Amino acid sequence: MPEMTENETPSKKQHRKKNRETHNAVERHRKKKINAGINRIGELIPCSPALKQLNARRGVSEGAVIQDSWVLVPALPLTSKNMILDQAFKYITEMKRQNDELLLNGGNSEQAEEIKKLRKQLDELQKENGRYIELLKANDICLYDDPTIHWKGNLKNAKK
């Protein structure tokens with residue numbers, strides 16, 4: 001933070017202090033929202049037996065609901081944010097794998113081939129979209145702007 005110079009008046013000092021306090025309050029609010037979101041995710045996801053064991057070592061009662069090898073533990077907020085996010089990633093990845101397996105094995109071979117073809121096409125389109133986004137950013141064009149503001153020339157008939 002820059003040091004106060006001699007020519008800085010008390011009103012400037014008060015203004016700077018007020019700005020800092022406002023910024024700190026906004027930042028605290030943002031962090032509270034992020035933490036609350038992580039805790040909500042933690043309450044929703046089942047955790048592995050390792051996390052269950054960790055909570056048990058902390059003296060937390062289980063009240064668990066068993067689902068395959070995963071166990072729901074109501075005490076997930078006691079674990080770290082990193083652990084919650086890691087477990088959420090693992091759980092979502094596993095659910096996606098199971099969903100893919102059901103989709104591919106639940107239908108006939110034609111449907112499975114169509115699903116594979118569409119997923120490949122989706123991946124290619126997402127990569128292409130990423131390249132376009134990079135081009136827009138490289139040319140300082142905001143994705144949310146009206147694209148006509150970047151056009152050159154006279155647009156007499158653009159809006160009617």
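A residue counts as buried when its relative accessible area is under 20%, as exposed when that area is over 50%, and as partly exposed in between. In this predicted model, Asn39 has a relative accessibility of 28% and therefore counts as partly exposed. Asn39 is found in helix H1. In sequence, Asn39 and Lys81 are 42 residues apart, while their C-alpha atoms are 7.9 Å apart in space.

**Overall architecture**

The protein contains four helices and two strands. Read from the N terminus, its elements follow the order α-α-β-β-α-α. Of the 160 residues in the protein, 16% are buried. Among contacts with a separation of 6 or more, 46% are accounted for by residues 24 or more positions apart. The accessible surface of the protein amounts to about 13,400 Å², and carbon and sulfur atoms contribute 55% of that surface.

**Helix dimensions**

The following table sets out three of the helices, with the span taken from the first C-alpha to the last and the expected span based on 1.5 Å a residue.

| Helix | Positions | Length | Span | Expected span |
|---|---|---|---|---|
| H1 | residues 10-44 | 35 residues | 51 Å | 51 Å |
| H3 | residues 81-106 | 26 residues | 36 Å | 38 Å |
| H4 | residues 109-138 | 30 residues | 44 Å | 44 Å |

The span of H1 is close to its expected value. The same description, close to the expected value, applies to H3 and to H4.

**Buried positions and the packing of H1**

In H1, the buried residues are Gly37, Ile38 and Gly42. These buried residues of H1 pack against helix H3. Asn39, which also lies in H1, is partly exposed at 28% relative accessibility. Helix H3 has buried residues of its own, namely Ile84, Gln87, Ala88, Tyr91 and Asp100.

**The contact of H3 with H4**

Helices H3 and H4 pack with their axes 8 Å apart and at an angle of about 135°. The two helices are therefore oblique to each other. On the H3 side, Asp100, Leu103 and Leu104 take part in the contact, and they meet Ala112, Ile115, Lys116 and Arg119 of H4. Sorted by class, this contact comprises four nonpolar residues and three charged residues, with no polar residues. Asp100 thus appears in two descriptions: it is buried in H3, and it is one of the H3 residues that meet H4.

**After the last helix**

Just after H4, the backbone at Asp140 adopts a positive phi of about 55°.

Methods
Residues are numbered from 1 along each chain as its sequence is written. This is a predicted model: local features need pLDDT of at least 70, side-chain atom pairs count only at pLDDT 80 or more; totals for chains, interfaces and linings use all residues. Side-chain values use heavy atoms; hydrogens and water are left out. The expected span of a helix is 1.5 Å times one less than its number of residues. Buried means under 20% relative accessible area, exposed over 50%, partly exposed in between (1.4 Å probe, protein chains only). Contact means heavy atoms within 4.5 Å. Axes are lines fitted to C-alpha atoms, for helices over the stretch in contact, and angles run from 0 to 180 degrees between N-to-C directions. Angles under 35 degrees count as roughly parallel, over 145 as roughly antiparallel, 65 to 115 as roughly perpendicular and the rest as oblique. Ala, Val, Leu, Ile, Met, Phe, Trp, Tyr, Cys and Pro count as nonpolar, Asp, Glu, Lys and Arg as charged, and the others, Gly among them, as polar. Accessible areas come from the Shrake-Rupley method with a 1.4 Å probe; for residues, only the protein chains shown count as cover.
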